[in-house]
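Colleague: Please take a close look at one part of this chain and tell me how it is put together. I would like one connected account.

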Amino acid sequence: MPLNEIRKKIDALDNKLIDLLAERAELVHEVGVIKKKENLQIYAPEREASLLQRLTDINGGRLPDKSVHAIYREIMSCALALEDDLKIAYLAPEGTWTHQAAIKKFGHSVEYTAGSNFAEVFDMVARRKCDYGVVPIENSTEGAVSHTLDLFVDSPLHICAQILLRIDHCLMAGIERKEIKTIYSHPQAFGQSKNWLLREFPEVDLVEVSSTAKAAELAKEFAADGAAAIGPALAAELNGLSILETSIQDSATNTTRFLVIGEKFCPQTGKDRTSILFSVRDRPGSLVKALQSFDHLNVNMSKIESRPSKQRDWEYIFYVDLAGHCEDELVSQALEELDTHCSMVKILGSYPDISES
Ligand SMILES: C=C(O[C@@H]1C=C(C(=O)O)C=C[C@H]1O)C(=O)O
């Protein structure tokens with residue numbers, strides 16, 4: 001078929017697509033009216049997860065699932081903006097990995113507000129200045145983000161979704177590689193690129209700052225003093241810096257898990273994950289007995305972290321992730337049994353256990 005004929009066919013399809021999108025938007029509007037009347041959450045991660053799964057199941061065309069998901073991410077982002085002016089809090093400044101994780105989950109049509117640290121992100125959601133917040137919880141090479149874990153202890157917020165994001169760090173600067181005297185970055189990014197830094201820049205000063213995007217701003221500001229930064233390519237672009245080397249993290253598959261925090265839990269999807277925190281009574285065997293609650297009911301425990309309680313020295317709070325939803329029969333029984341061995345149990349949330357990054 002000649003090129004202009006093919007393009008005519010594409011135009012005709014695009015006309016249909018626009019009509020179909022308009023028809024979808026009408027239905028989305030109706031959903032929004034019902035949600036407001038019944039005081040339901042606008043963002044429905046369980047519906048989004050099942051919708052994306054259904055698209056994967058029916059997709060038999062040339063487009064890979066990843067592309068279909070990306071298109072629908074933006075269609076659903078438009079829907080969220082149409083139903084309400086959804087506002088999402090992330091860690092400032094623009095271009096942080098947290099910002100990019102938030103866009104991966106909520107798309108480009110919703111509004112974003114930056115908080116200067118993770119405590120502020122929690123606070124903006126708790127005070128309803130934002131509907132949801134995005135915070136990192138753990139990295140595949142560096143482990144837990146302890147600051148986020150600590151913030152959950154006193155927060156009334158819940159986890160309603162998770163985001164997995166592949167993290168590819170760059171070395172960026174406004175100067176040449178041989179002129180670098182100081183490298184700025186977030187402690188997590190330094191940790192994820194430790195071996196590379198020891199090999200390539202053993203003599204350089206490493207300065208920890210609040211985010212990788214902040215590091216890029218400082219690399220720009222202090223270029224004349226020999227400053228560079230480690231962080232996302234987007235931060236280099238936003239600050240007009242050159243990328244001197246890409247993919248410098250020690251693990252090629254470096255991935256960070258982020259959480260979406262909001263006021264409510266997410267309903268069951270059939271493939272969920274539950275995050276809890278608890279502290280045990282100071283008695284022999286109490287931690288073992290607490291953990292046996294999961295084993296007795298065959299509930300898989302995928303993660304455990306401990307943090308100082310900050311109430312009394314040498315007293316700990318344990319963070320555990322479980323397979324299943326807290327309303328699933330076995331998980332709910334395991335949590336009841338756990339309660340009998342603990343001085344405190346808090347269910348942080350149940351949410352779809354997506355595994356694609
Ligand atoms: C339209 C809805 O609201 C939002 C938008 C969705 C969509 O565009 O399909 C799906 C889930 C929600 O996050 C809904 O809940 O069905």
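Modeller: What follows deals with domain 2 and the helix pair α5 and α6. This is a predicted model, in which local features need pLDDT of at least 70 and side-chain atom pairs count only at pLDDT 80 or more, while totals for chains, interfaces and linings use all residues. Residues are numbered from 1 along each chain as its sequence is written.

The domain assignment, an automatic or database one, gives domain 1 (1–32), domain 2 (70–166 + 253–264), domain 3 (170–248) and domain 4 (268–352). Helix α5 covers residues 118–126 and helix α6 residues 146–154; helices here are DSSP runs (H or I, at least four residues), numbered from the N terminus. Their axes come within 10 Å and cross at roughly 35°, the axes being lines fitted to C-alpha atoms over the stretch in contact, with angles from 0 to 180 degrees between N-to-C directions. The crossing is right-handed, that is, the near helix is turned clockwise from the far one by less than a right angle.

Phe 118, Ala 119 and Phe 122 in α5 meet His 147, Thr 148 and Leu 151 in α6, where contact requires C-beta atoms, placed from the backbone, within 7 Å. Four of these contact residues are nonpolar, two are polar and none is charged. In this scheme Ala, Val, Leu, Ile, Met, Phe, Trp, Tyr, Cys and Pro count as nonpolar, Asp, Glu, Lys and Arg as charged, and the others, Gly among them, as polar.

As for the neighbouring part, the centres of domain 2 and domain 3, taken over C-alpha atoms, are 24 Å apart. Domain 2 gives 14 residues to the contact and domain 3 gives 13. On the domain 2 side there are five nonpolar, seven polar and two charged residues.

Definitions and conventions. Helices (H or I, at least four residues) and strands (E, at least two) are DSSP runs, numbered from the N terminus. Two residues are in contact if their C-beta atoms, placed from the backbone, lie within 7 Å.
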